[in-house]
Amino acid sequence: MSNTELQQFPRRLRNCHNIEDLRKAARRALPFPLFDHVDGGSDDETTLRANTAAFGRYCLKPRYCSGVENVDPSTTVLGQRIEWPYFPGPAGGLKYLHRDGEIGVAKAAHNYGTAYAMSGWTNTRPEDISAASNGPRFFQLQPCRSREVMADMIQLAKDTGYQALIVTVDNPVHGNRERDARSGFGVPAAFTARAWASILSRPRWAFGTIPMPGFGLYDKYMDTPERDMNWLANQLITNITWDDLAWMRDQWDGPFAIKGLVAVEDMRAAVDAGVSAVILSNQGARHFDTAPATLDMLPEVMDAVGGEVEVIFDSGIRRGTDILKAIALGATACTGSRLYCYGLAAGGQKGVERALQLLRAEVERDMIFMGAATLDQVNLDSILHNPQA
């Protein structure tokens, strides 16, 4: 990037040269319960490590003397044209990381030529996000036990201009996040003395975050004394069926994606239920440990449903080459949340922009190395698998 473009970032962000640098900056900025909640996975975090390690088993082939100097990494995902094949996926409670929250992430996404997917656990009302940003927006629906509540939320998504619906289905029970258990992070929180000490040692974070914000999508449903956070948790921890999913599909008249599937059998069932896209995701290993790395599943998923629906890839991305490996294996686009959450914690909207700028620059630079002028030229001929790596 040009020096002029780099100067838009504060020095602490200019000194972050990759996502790992932003991760370290986030660790410094956040109390450890918040950082661990973003950074951690479930149980032994086996799948958390596997998600990133899987990319090391694939190589991209450089192609020289191609004459390629400029590239076009644009693609269409969920009915929206984006300038490069990654969009920030749904992550809840973003104002817990920085006061810029969801609006900051949405603005950063749109400033860097891509879409933003709002989480159902947003701290900001969906209509406020729409009013503050002017790019493509996707609405995550977390299934709940009440179809009346779900129908109301789907109507809100229509009324506030969200172009696609993403239904996340991998939360039939709470995952065992042992880092959260040790710190007392939760809803409601029960912080330990060590956690409070860490909070008090981050006054900049505390002054920007306390009192803790509510949930912009769900607050209106909690209007009676019996509807507290325990009621909400009971509503949202639910094991939906394919019939439920087909009902949701009937309520929505635009692009419809299901997120959180790993097994090919579930991908096939999702297609039969009428989805227009599947998001191959183990939720960043936050719920179920020992699941396979999503990159290892991608070839099998493409063979099963790739000709029928968009396949969007999620989990483990840290580099532009990771994005290109998923594209080479057949994905339409990639998504994720951890990496931009690091940026948000490190520097608010500007931190998210730095994360996206680094990733986009890597994608464009590495496409030149690969001799690929467009994403169509990033394909199975571009990638090698070495299972022993």
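**Exercise 1. Which residues of H5 are buried?**

*Solution.* The structure is a predicted model, in which local features need pLDDT of at least 70, side-chain atom pairs count only at pLDDT 80 or more, and totals for chains, interfaces and linings use all residues. Residues are numbered from 1 along each chain as its sequence is written, and side-chain values use heavy atoms, with hydrogens and water left out.

Step 1: apply the criterion, in which buried means under 20% relative accessible area, exposed means over 50%, and partly exposed lies in between, with a 1.4 Å probe and protein chains only. Helices (H or I, at least four residues) and strands (E, at least two) are DSSP runs numbered from the N terminus. By this criterion, Thr47, Leu48 and Asn51 are the buried residues of H5.

Step 2: look down the axis of H5, where these buried residues fall within an arc of 110°, so they line one face of the helix. The arc is that of the directions from the helix axis to the C-beta atoms.

Step 3: identify the neighbours, taking contact as heavy atoms within 4.5 Å. The buried residues of H5 pack against H4, H9, H15 and H17.

**Exercise 2. Describe the two sides of helix H10 and name the helices that its buried residues meet.**

*Solution.* Step 1: in H10, which spans residues 193-200, the buried residues are Ala195, Ser198 and Ile199. They cover an arc of only 100° around the axis, which puts them on the same side of H10.

Step 2: turn to the other side of H10, where Ala193, Arg194 and Leu200 are exposed.

Step 3: the buried residues of H10 pack against helix H4 (32-39), helix H9 (178-183) and helix H11 (203-209).

**Exercise 3. Trace the buried side of H15, and then follow Leu298 into the largest nonpolar core.**

*Solution.* Step 1: Thr294, Leu295, Met297, Leu298, Val301, Met302 and Val305 are buried in H15. Their arc around the axis is only 145°, which puts them on the same side of H15.

Step 2: the elements that cover the buried residues of H15 include helix H5 (46-53), strand E1 (58-60), helix H14 (264-272), E9, strand E10 (310-314) and helix H16 (320-328).

Step 3: a nonpolar core is a set of buried Ala, Val, Leu, Ile, Met, Phe, Trp, Tyr and Cys residues joined through side-chain atoms within 4.5 Å. The largest such core has 111 residues, and Leu298 and Phe313 have the most contacts inside it. Helix H17 (residues 338-369) gives this core its largest share, 14 residues.

Step 4: leaving aside residues up to four places away in sequence, Leu298 touches Leu280, Val311, Phe313, Ala326, Leu329 and Ala331. A second, separate core of 14 residues includes Leu78, Ala115, Ile166 and Ala277.

**Exercise 4. Is valine 352 buried or exposed, and which residues does it touch?**

*Solution.* Step 1: valine 352 is found in helix H17 and is buried, with a relative accessible area of 0%.

Step 2: not counting residues up to four places away in sequence, valine 352 touches Val105, Ala108, Tyr340, Gly343 and Leu344.

Step 3: compare sequence with space for valine 352 and phenylalanine 9, which are 343 residues apart in sequence and 11 Å apart in space, C-alpha to C-alpha.

**Exercise 5. Contrast glutamine 283 and threonine 290 by backbone angle and accessibility.**

*Solution.* Step 1: glutamine 283 is found in the loop between strand E9 (277-280) and helix H15 (294-305), and threonine 290 is likewise in the loop between E9 and H15.

Step 2: although it is not a glycine, glutamine 283 has a positive phi of about 60°; threonine 290, also not a glycine, has a positive phi of about 75°.

Step 3: glutamine 283 counts as buried at 17% relative accessibility, whereas threonine 290 is exposed, with a relative accessible area of 58%.

**Exercise 6. How do the residues that line the largest pocket divide into nonpolar, polar and charged?**

*Solution.* Step 1: classify by residue type, with Ala, Val, Leu, Ile, Met, Phe, Trp, Tyr, Cys and Pro as nonpolar, Asp, Glu, Lys and Arg as charged, and the others, Gly among them, as polar.

Step 2: on this basis, the lining of the largest pocket divides into 17 nonpolar, 20 polar and 8 charged residues. A pocket is an open set of points, on a 1 Å grid over the protein atoms alone, where a 1.4 Å probe fits, with protein on both sides within 12 Å along at least five of seven lines, and lining residues have an atom within 4 Å of a point.

Step 3: of the 45 lining residues, His37, Trp121, Arg177, Arg286 and His287 lie nearest the centre of the largest pocket.
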